[in-house]
Amino acid sequence: MHVALRNRVVSYVSVAVVAACAPAVWAQPLQAEIDRILSSAKTGKARIGLSIVDVNTGELLAARREGEAFIPASNQKVLTTGAALWVLKPGFEFQTQLRLDGDKLVIVGSGDPAFGDPEVLQQMSPKVTVSELLGTLARAVTHAGVKQLSEIVVDDRVFDREFVHPTWPVEQLDKWYCAEVSGLNFHANVLDVYPRPGAVGQRPGAVFDPQTEIIDLDTSRARTVQSGNNTVWLRREAKTNRFQMLGDVRTAVTRPVQVTLTDNPLFFGQIFAERLRIEGVVVGPGPVPGGGRDATSVRVVEPSESIAAGRTLAIVKTPLKDVLRRCNAESHNLYAEAILKRIGRDVTGQSGSWENGSSVLRMILTERLGPDAARSTIIRDGSGMSRENRVSPSTLARWLVELAKDDAVGNAFLESLPRPGEGTLERRFRANPPKHEVRAKSGYIRNVRALSGYVNDGKDGHLVAFAILANDVPGGEEDGVVLQLHEQIVGVIDRYLARDDEKSGGERPARRRR
């Protein structure tokens with residue numbers, strides 16, 4: 001597939017094309033019930049669109065504004081992860097490699113967003129800490145007999161070096177969900193800080209993860225207090241890894257205060273050099289006057305630099321299925337952006353970027369849904385953080401149908417979505433839990449609420465796909481009403497499947513996805 005696609009990448013002009021909204025077809029079996037719910041919901045000025053499709057029959061069960069363009073928020077990840085399964089294939093693995101080229105250590109990134117992610121490491125059996133991972137990699141170097149390295153070179157060219165999307169909110173770039181995206185990601189590209197109280201009225205202390213001495217943290221504007229609550233927070237100086245702690249610290253925190261890191265390929269090279277020195281490996285010329293280290297002993301590769309294959313010392317692998325699960329169940333933005341850039345890399349053979357990744361996704365939309373779907377969909381990023389993304393409920397629902405009908409990728413995609421009580425659906429569907437299995441992706445940015453996924457009868461493979469997108473949602477009560485509306489609509493689908501079960505009388509032969 002890769003060779004064929006590489007010669008057919010089409011860069012569509014991103015123009016907002018709003019398809020005419022066809023009038024509701026009253027023969028659609030769920031339309032009247034859905035219309036009653038929508039008419040009674042007090043959603044203020046919210047604009048709501050939806051499309052509900054029976055996967056087995058292809059029948060449109062209900063629709064509202066299904067051809068209009070909506071901001072999808074994190075429902076953008078439905079497009080991104082589906083395209084990744086079609087391009088990369090379910091068995092794909094990200095691989096981060098350590099290679100020895102003479103007396104030079106080369107670290108080759110694959111864009112793996114899970115490399116050194118503490119949440120992923122804690123799900124391993126046995127659990128692994130970030131420090132243990134670094135120690136294991138460092139010992140792979142010492143076990144190869146290495147005692148001194150002239151330099152460490154980080155090859156991050158699998159992706160471009162546009163680390164931050166230009167349409168992301170500038171005021172949120174130090175938040176974990178706006179982490180930079182690079183060809184070598186580490187620790188989800190965030191710094192975990194655990195503030196510790198000092199003497200009352202004095203500066204607090206702090207512990208870092210990953211543990212390192214290269215972080216510059218100014219605590220002069222924070223203080224230790226005897227009463228009240230912890231109000232401590234962090235901010236990063238633009239384009240640097242210098243941080244400032246602000247607020248009050250009364251007690252030691254158990255959940256980290258997180259802040260994004262910048263220039264993550266170089267940052268990882270530097271902390272790995274620290275770990276190698278602990279293991280007894282001399283990196284560069286060693287200590288310099290004043291007790292510091294030679295900063296030139298760690299660098300990122302030049303864009304056109306030739307790097308020898310060298311001797312492989314270690315490979316860290318992450319299965320695509322694990323990346324998809326963290327992306328969709330936990331709605332982790334870094335994971336979605338790494339996936340989008342990676343499909344751009346694999347199809348074009350160039351460094352993955354938002355531009356070529358978006359072009360590949362539009363190409364897949366054309367192949368699966370037709371050129372109209374591709375032209376009317378605006379793709380700015382992979383996660384949905386950008387407010388410039390646009391997609392129609394019809395396109396999103398039809399995309400879900402195509403994924404479910406493809407035996408090669410359908411199950412892998414379905415398993416990446418959370419059920420109620422899991423991930424971003426942890427608090428959803430508590431009042432009226434559905435009888436059938438629900439797997440869905442939620443979405444939220446300011447004034448946008450979305451929910452798309454499947455309801456599955458779990459017996460004969462009867463599957464219904466749905467996409468519900470709400471834009472211009474006022475804050476306050478209306479936001480809660482829209483969330484309730486999502487669940488009411490899913491409840492209608494749930495009852496539809498229950499009625500279908502009753503009609504079959506348990507005698508219906510198993511349906512197969514086409």
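**Close-up views of a predicted model**

Strand β16 supplies the largest share of the lining of the largest pocket, namely four residues. The model is predicted: local features require pLDDT of at least 70 and side-chain atom pairs pLDDT 80 or more, whereas totals for chains, interfaces and linings use all residues. Residues are numbered from 1 along each chain as its sequence is written, and side-chain values use heavy atoms, with hydrogens and water left out.

**View A. Lining of the largest pocket, with a volume of about 1500 Å³.** The lining comprises 50 residues, of which W176, Y177, Q258, E330 and H332 lie nearest the pocket centre. Elements giving two or more residues to this lining include α5 (130-142), β12 (257-260), β16 (437-445), β17 (448-456) and α13 (477-504). A pocket is an open set of points on a 1 Å grid over the protein atoms alone, where a 1.4 Å probe fits, with protein on both sides within 12 Å along at least five of seven lines; lining residues have an atom within 4 Å of a point. The volume is the space filled by probe spheres set on the points, which are joined across faces, edges and corners. Helices (H or I, at least four residues) and strands (E, at least two) are DSSP runs, numbered from the N terminus.

**View B. Surroundings of N75, in the loop between β2 (60-64) and α3 (76-88).** N75 has a relative accessible area of 0% and is therefore buried (under 20%, with a 1.4 Å probe and protein chains only). Its side chain forms a polar contact of 2.5 Å with the side chain of S452 (a pair of N or O atoms within 3.5 Å, one able to donate a hydrogen and the other to accept it; residues adjacent in sequence count only if both atoms are side-chain atoms). A polar atom of the N75 side chain also lies 3.4 Å from the backbone oxygen of S442. Beyond neighbours within four places in sequence, the residues in contact with N75 include L396, K441, G443 and L469 (heavy atoms within 4.5 Å).

**View C. An open sheet of three strands in the order β9-β11-β10, with mixed pairing.** The edge strands, β9 (216-224) and β10 (233-236), each pair on one side only (pairing requires at least two DSSP bridges). Strands β10 and β11 (residues 242-249) pair in the antiparallel sense over four bridges. R235 stands opposite Q244 in β11.

**View D. S353 in the loop between α8 (333-348) and α9 (354-369).** S353 is buried, with a relative accessible area of 11%. Apart from neighbours within four places in sequence, S353 is in contact with D160 and K341.

Definitions and conventions:
Buried < 20%, exposed > 50% of the residue type's maximum accessible area, 1.4 Å probe, protein only.
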